[in-house]
Amino acid sequence: LATKSRMNFFEHQDRARKQTKVLVLAFMLAVLAIVLAMNLVMLGVFGRFPSAEHGWFSPGFWLANGQIVLWTSVATVLVIVLASAYRSAQLRGGGAQVARELGGVEVTGDSNDPLRRRLLNVVEEMAIASGVSVPQVFVLEHEPGINAFAAGWSPADAAVAVTRGTLETLNREELQGVIAHEFSHVFNG
């Protein structure tokens, strides 16, 4: 049974890698579609749609409209790259920044809430067991479902967050399992 579970894990991991490749390809196709759409808009704005004698692929069309297409494509890709860089810069705060943006409330050592204390104790235990420094801990107070995540660029700026539903629904052993799973993400980058 342990071998079968291990095989399922590796099969799931392989499937996740394949899905990641599909998502990256889909993103690239989406960027290409945006560039194409912007070019169509700009050609429409300038009244440069191909005529019967100058179709899309004729040299005459590209001689007349090549600069519009080139500059529109460059500008569109530049806007996408700059927006992505800006968003990445916003997330430079690491996992804590992500948790806060999702409405997470940091759990500190002076908390009086027994569920938060239990969470903090479990996180500290997992940090000791895994040899990773204790990440910042957050609770998504307005989320009744059972969920958790780890975020950050590296173990040094990692954060672990759980939903209020996770705290209220799971017992200590189950919470340890969830936190151990999140630590595997932190540990493995």
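**Questions on helix α4, the sheet and the cores**

Student: Which residues of α4 are buried?
Tutor: In this predicted model, a residue counts as buried when its relative accessible area is under 20%. By that criterion, the buried residues of α4 are Arg 116, Arg 118, Leu 119, Leu 120, Val 122, Val 123, Met 126 and Ala 127.

Student: Against which elements do the buried residues of α4 pack?
Tutor: Helix α4 spans residues 114–130, and it lies across β1, β2 and β4, running at about 145° to β2. Contacts of its buried residues extend to helices as well as strands, and the full set of packing partners is β1 (104–106), β2, β4, α5 (164–169) and α6 (172–187).

Student: How far does α4 reach from its first C-alpha to its last?
Tutor: The helix has 17 residues, for which a rise of 1.5 Å a residue leads one to expect 24 Å. The computed span from first to last C-alpha is close to that expectation, at 24 Å.

Student: Which residue caps the N-terminal end of α4?
Tutor: The cap is made by a side-chain oxygen that lies 3.0 Å from the backbone nitrogen of Leu 115. Just after α4, by contrast, the feature to note is Gly 131, which takes a positive phi of about 75°. The residue whose side chain caps the N-terminal end is Asp 113.

Student: With which side chain does the side chain of Arg 164 make a polar contact?
Tutor: Arg 164 is placed in helix α5, and, with a relative accessible area of 12%, it counts as buried because that value is under 20%. Setting aside residues up to four places away in sequence, it touches several residues, including Leu 115, Arg 116, Val 139 and Glu 143. Its polar contact, at 3.1 Å, is with the side chain of Asp 113.

Student: In what order do the strands of the open sheet lie?
Tutor: The sheet has 4 strands with mixed pairing: β2 (residues 136–140) runs parallel to β4 and is joined to it by 5 bridges, whereas β3 (residues 148–151) and β4 pair in the antiparallel sense over 4 bridges. The order across the open sheet is β1-β2-β4-β3.

Student: Which residue in β4 is the bridge partner of Ala 150?
Tutor: Strand β4 covers residues 159–163, and 5 of its 5 residues are buried. Ala 159, Ala 161 and Thr 163 point one way from the strand, while the other direction is taken by Val 160 and Val 162. On the β2 side, Val 137 stands opposite Val 160, and the bridge partner of Ala 150 is likewise Val 160.

Student: At about what angle does α6 run to β3?
Tutor: Helix α6 lies across two strands of the sheet, β3 and β4. Between N-to-C directions, its angle to β3 is about 20°.

Student: Which residues of the largest nonpolar core touch the most other members?
Tutor: This core has 19 residues. Its members include at least two residues from each of α4, β2, β4 and α6, with α4 giving the most, 6 residues. A second, separate core of 8 residues includes Phe 138, Phe 149, Ala 151 and Ala 161. In the largest core, the members that touch the most others are Leu 119, Val 162, Ile 179 and Phe 183.

Student: Which residues does Phe 183 touch, not counting residues up to four places away in sequence?
Tutor: Phe 183 is one of the core residues that touch the most other members. Beyond its sequence neighbours, the residues in contact with it are Val 123, Met 126, Ala 127, Ser 130, Val 132 and Pro 135.

Student: Why is Met 42 classed as partly exposed rather than buried or exposed?
Tutor: Met 42 is found in helix α1 (residues 2–45), and, apart from neighbours within four places in sequence, it is in contact with Ile 68 and Thr 72. Thr 72 is 30 residues away in sequence, yet the two C-alpha atoms are 7.3 Å apart. Buried would require under 20% and exposed over 50%, so Met 42 falls in between because its relative accessible area is 25%.

Key:
Residues are numbered from 1 along each chain as its sequence is written. This is a predicted model: local features need pLDDT of at least 70, side-chain atom pairs count only at pLDDT 80 or more; totals for chains, interfaces and linings use all residues. Side-chain values use heavy atoms; hydrogens and water are left out. Buried means under 20% relative accessible area, exposed over 50%, partly exposed in between (1.4 Å probe, protein chains only). Two strands pair if DSSP finds at least two bridges between them. The expected span of a helix is 1.5 Å times one less than its number of residues. Contact means heavy atoms within 4.5 Å. A polar contact is a pair of N or O atoms within 3.5 Å; within protein, one must be able to donate a hydrogen and the other to accept it, and residues adjacent in sequence count only if both atoms are side-chain atoms. A nonpolar core is a set of buried Ala, Val, Leu, Ile, Met, Phe, Trp, Tyr and Cys residues joined through side-chain atoms within 4.5 Å. Axes are lines fitted to C-alpha atoms, for helices over the stretch in contact, and angles run from 0 to 180 degrees between N-to-C directions.
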